[in-house]
Amino acid sequence: MKKNNLQPGRKYLHRRQTVIDGVLREAERWIKCERITPTGAIFSRDFEPRIRMTDAQIEREVYEQ
């Protein structure tokens, strides 16, 4: 997804790949766009710390469903 299409306050699907015990796995979760920054955006999820993402990460990992 392009950063220009993000809307603060809206939820997006975050898909990312991670390695657990040497096995590549894909994880999904819903995250809320808090604000857009010059280098990317800041997202939040429930009671977790804020998630900072760059433009490249947003294009690769954030989807609108």
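## Exercises on strands, hairpins and two buried residues

In strand 4, isoleucine 42 has arginine 52 as its bridge partner. Helices (H or I, at least four residues) and strands (E, at least two) are DSSP runs, numbered from the N terminus. The model is a predicted one, where local features need pLDDT of at least 70 and side-chain atom pairs count only at pLDDT 80 or more, while totals for chains, interfaces and linings use all residues. Residues are numbered from 1 along each chain as its sequence is written, and side-chain values use heavy atoms, with hydrogens and water left out.

**Exercise 1.** Work out how strand 3 and strand 4 pair, and which residues make up each face of strand 4.

*Solution.* Start with the pairing: strand 3 (residues 40-44) runs antiparallel to strand 4, with four bridges. Two strands pair if DSSP finds at least two bridges between them. Next, look at the turn: six residues sit between the strands of this hairpin, and aspartate 46 has a positive phi near 45 degrees. Finally, sort the faces of strand 4 (residues 51-54): Ile51 and Met53 are on the covered face, Arg52 and Thr54 on the uncovered one.

**Exercise 2.** Find the pairing partners of strand 1.

*Solution.* Take strand 2 to begin with: strand 1 (residues 11-20) and strand 2 (residues 23-37) are antiparallel, with ten bridges. One pair to find on screen is arginine 16 and its bridge partner in strand 2, alanine 27. Their hairpin has two residues between the strands, and aspartate 21 there shows a positive phi near 55 degrees. Now turn to strand 5 (residues 62-63), which also pairs with strand 1 in the antiparallel sense, over two bridges. Here leucine 13 has tyrosine 63 as its bridge partner.

**Exercise 3.** Is glutamate 61 buried or exposed, and what does its side chain join?

*Solution.* Place the residue: glutamate 61 belongs to helix 1 (residues 55-61). Its relative accessibility is 14%, so glutamate 61 counts as buried (buried is under 20% relative accessible area, exposed over 50%, partly exposed in between, with a 1.4 Å probe and protein chains only). Then list the contacts (heavy atoms within 4.5 Å): beyond neighbours within four places in sequence, glutamate 61 touches Leu13, His14, Arg15, Arg16 and Met53. Lastly, the side chains of glutamate 61 and histidine 14 share a polar contact of 2.7 Å. Such a contact is a pair of N or O atoms within 3.5 Å; within protein, one must be able to donate a hydrogen and the other to accept it, and residues adjacent in sequence count only if both atoms are side-chain atoms.

**Exercise 4.** Why does threonine 37 count as buried?

*Solution.* Threonine 37 is part of strand 2. Threonine 37 is buried because its relative accessible area is 18%. Outside its neighbours within four places in sequence, threonine 37 is in contact with Lys3 and Ile42.
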